[in-house]
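Here are a few short exercises to work through with the model open in your viewer. Try each one before you read the solution.

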Protein chains: 2
Amino acid sequence: VSRGRVAKLRTVLTDPILEFVETSDVIDLTWGHPGPDLLPVAEMRTAANQALDMYGPDALNYGASVGPAPILQWLRTHIGTIDSRAPADGELLITAGASQGLDLVCTMLTEPADTILVPAPTYHLALKIMRDHPLRIVPIETDAHGARTDAMADAILRLRRRGERPRAVYIIPTFGNPTSLSLIEQRRRDLVELAAGSDMLIIEDDVYRELVYDDVAPPSIWSMADAGSVIRLGSFSKTLSPGLRLGFLTANASIVDRLASGGLLDSGGGVNHFAALVAARFADQGGYLRHVTWLRAQLATRRDALVAGLLGGLPDAVFDRPSGGYFLWLRLPPGLTAQKLRPLAVTRGVDYLPGEVFGIDEIVEDDTLRLSFSLYPPERLAEGARRLSQTISDSIS
Amino acid sequence: VSRGRVAKLRTVLTDPILEFVETSDVIDLTWGHPGPDLLPVAEMRTAANQALDMYGPDALNYGASVGPAPILQWLRTHIGTIDSRAPADGELLITAGASQGLDLVCTMLTEPADTILVPAPTYHLALKIMRDHPLRIVPIETDAHGARTDAMADAILRLRRRGERPRAVYIIPTFGNPTSLSLIEQRRRDLVELAAGSDMLIIEDDVYRELVYDDVAPPSIWSMADAGSVIRLGSFSKTLSPGLRLGFLTANASIVDRLASGGLLDSGGGVNHFAALVAARFADQGGYLRHVTWLRAQLATRRDALVAGLLGGLPDAVFDRPSGGYFLWLRLPPGLTAQKLRPLAVTRGVDYLPGEVFGIDEIVEDDTLRLSFSLYPPERLAEGARRLSQTISDSIS
């Protein structure tokens with residue numbers, strides 16, 4: 001399931017620098033990683049210099065456990081511009097990426113063997129983090145509008161009849177991984193109501209919000225909920241650089257306080273202090289906005305190249321044009337399954353992740369696959385789409 | 001108990017940058033933080049520039065889950081020079097500091113409610129991390145030679161009679177926090193034998209090894225155990241900069257593989273990729289050794305200033321001169337307790353952590369206190385020692 005494992009085993013004798021190491025001419029659309037040409041090396045160099053010049057030794061000592069002032073202050077304003085609510089004092093915590101944020105939430109706010117509802121398909125490695133804790137996952141069906149909140153209500157009732165209740169729901173409602181679909185507004189409201197009625201946390205994985213290519217991203221569930229039942233996970237991995245390992249979360253002040261007072265942050269201070277100050281300098285004077293505006297245009301061009309390539313080779317291809325995020329979710333023609341087709345695709349020089357990787361228990365779609373358009377430049381994506389279309393065409397004929 | 005909480009509450013209206021913010025002229029010997037003058041700002045600036053120049057976008061993408069090649073390769077050699085064994089391929093994992101390493105071990109290698117043996121007194125925030133998971137702590141007595149392995153054997157037997165067994169022991173055997181004492185060699189061997197005989201992991205917190213002021217540090221328990229029962233936690237926080245949030249662990253390859261294949265590292269890649277490459281550049285061409293050699297001399301001078309100040313004011317003061325680490329562990333004259341004396345000390349302009357902060361359950365020493373000599377320059381430490389000695393003298397007379 002995990003591509004990271006494959007790369008690690010493959011390169012065990014020659015330590016790699018990166019998680020993904022290209023080792024053949026296969027166009028590998030499995031990885032939700034940014035292309036190297038999308039990473040702002042020169043600007044980050046300037047920001048690192050500025051952080052050390054401006055903060056001196058304060059850039060290198062144990063940082064404030066919720067994160068250092070400069071990044072908190074910038075984010076409070078910035079979040080107000082990308083969402084319909086800005087966090088108040090005490091409602092923001094710096095994390096070492098959304099994965100670390102999720103891991104921290106699991107450690108501090110769940111009990112082992114708690115039940116968590118997860119609409120499927122979902123980000124498979126988030127499942128892995130939750131299972132490590134260990135939480136019990138109950139899958140929820142989705143449709144074209146996102147997670148089915150009626151199915152969620154049913155699941156809550158079923159649990160209640162057994163004297164149980166779900167501790168939380170984990171959801172990626174905005175340009176979600178793997179489908180890039182967004183939950184419609186009515187269901188966001190339903191979800192807030194369901195959570196309030198059953199004392200259930202909503203863990204909103206919101207890392208793709210700023211990668212929006214058409215229109216604007218919908219307001220976060222966090223921004224719609226007054227009751228403080230939502231923890232929204234944000235990240236600089238998709239907008240600046242994954243290697244910084246930097247993210248943030250917004251939640252009500254008592255939740256932030258609980259997370260910050262756990263052993264990990266109390267012992268080590270802020271979870272990524274130096275990187276947070278570098279990001280704060282990067283963000284200063286419009287640097288972040290300039291970069292993300294440029295990045296968004298680059299990714300839109302990549303999305304367009306992949307979409308055009310697929311439609312060129314497979315006029316009847318079944319997929320929604322992603323309006324944000326990293327991924328295109330393709331449904332195969334009847335009779336084909338993604339897992340069975342994959343070896344043929346690889347021999348034709350293109351790879352993808354079968355949809356079943358993102359399934360949970362019985363909620364598995366074996367006729368879907370995920371294509372990432374973040375890693376390669378447009379012409380390689382077009383070529384990848386051509387190879388994949390040809391593979392599919394040949395298999396149905 | 002936690003000083004971080006106090007600082008946070010104190011500064012909630014004016015976000016701080018650091019965990020510790022000096023707000024009065026009290027000489028605050030509670031914090032195990034390096035002084036700002038000990039942090040290598042200029043060298044880190046050069047290293048950050050070099051990392052981005054040399055690795056380009058590879059410094060900013062998702063990193064290899066065990067850590068990037070340059071830091072692994074340097075550490076494999078370096079550890080061989082500071083310990084009596086070097087990790088082989090696969091026996092090394094980069095962490096985001098020892099606290100994150102401990103948190104990861106708890107998540108991946110323990111089950112909730114597992115029992116862990118912990119010699120007391122110990123690092124109180126490590127206890128907090130373990131309890132967050134949640135693990136059950138069983139305290140073990142210590143004496144002048146460190147943890148009492150006979151008491152540990154008894155505890156294992158007591159558990160066995162109840163049909164239980166300890167999953168692990170957590171210990172800081174080298175210049176440990178809070179006492180700066182080291183476990184004697186025979187007990188290290190006893191501990192390895194005990195662990196092997198009861199299928200118990202040893203979690204060796206070894207972050208002070210390189211801060212050695214007299215003689216050399218004893219070989220780690222990890223280096224003495226062939227059976228692969230030891231996870232040794234190392235850190236760059238004490239030697240380079242805590243704000244980098246960078247550390248490492250050594251363990252046998254199957255344990256490293258298990259930790260690296262968990263959700264957190266599989267999802268986010270290496271836990272602090274950019275910082276790891278900056279540290280690798282810092283280490284290159286002797287930069288790390290130059291810095292640590294200088295740092296060791298600085299800390300030895302601080303240790304000497306604190307020791308001389310105490311002996312000057314309190315000729316009968318009861319403590320062991322620390323031969324490594326950050327802390328001096330002082331026993332008060334009969335009749336005094338550290339908690340009760342503290343308010344008076346603060347009014348006299350000096351603060352410390354009472355020994356009971358580091359106790360577990362019934363193993364509490366209320367006549368001890370911990371003084372950190374890492375944060376202040378020698379003359380302030382001397383003045384702090386003078387104020388404390390005066391406070392104590394006045395209280396016994």
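**Exercise 1: a loop glycine**

A:Gly335 sits in the loop between strand 12 (327-331) and helix 13 (338-347) of chain A. This is a predicted model. Task: decide whether A:Gly335 is buried or exposed.

Solution. Start with the relative accessible area of A:Gly335, which is 80%. The cut-off for exposed is over 50%, so A:Gly335 counts as exposed. For its surroundings, go to A:Ile396: the two are 61 residues apart in sequence, yet 7.9 Å apart in space, C-alpha to C-alpha.

**Exercise 2: sizing up the interface**

Task: work out how many residues of chain B are in contact with chain A, and how much area the two chains bury between them.

Solution. Contacts come up as 78 residues of chain B against 78 residues of chain A. For the area, chain B and chain A bury about 6700 Å² between them, with 57% of it on carbon and sulfur atoms. Now see who contributes: B:Ile17, B:Leu60 and B:Tyr62 supply 12% of the area that chain B buries against chain A, more than any other three residues.

**Exercise 3: polar links and chain B's side**

Task: count the salt bridges between chain B and chain A, then sort the touching residues of chain B by type.

Solution. The salt bridge count is six. In one salt bridge, the side chains of B:Arg76 and A:Asp15 meet at 3.1 Å, N to O. Polar contacts across the interface come to 38 residue pairs, both residues at pLDDT 80 or more. On the side of chain B that touches chain A, helix 2 of chain B gives the largest share, eight residues. Sorted by type, that side has 36 nonpolar, 27 polar and 15 charged residues.

How values were computed: Residues numbered from 1 in each chain as written. Chains lettered and ligands numbered in written order. Predicted model: local features only at pLDDT ≥ 70, side-chain atom pairs only at ≥ 80, totals over all residues. Heavy atoms only, no water. Contact = heavy atoms within 4.5 Å. Buried area = accessible area lost by both parts, 1.4 Å probe. Salt bridge = Lys/Arg side-chain N within 4 Å of Asp/Glu carboxyl O. Polar contact = N/O pair within 3.5 Å; in protein donor to acceptor, adjacent residues only side chain to side chain. Helix = DSSP H or I, 4+ residues; strand = E, 2+ residues; numbered from the N terminus. Nonpolar A, V, L, I, M, F, W, Y, C, P; charged D, E, K, R; others polar. Buried < 20%, exposed > 50% of the residue type's maximum accessible area, 1.4 Å probe, protein only.
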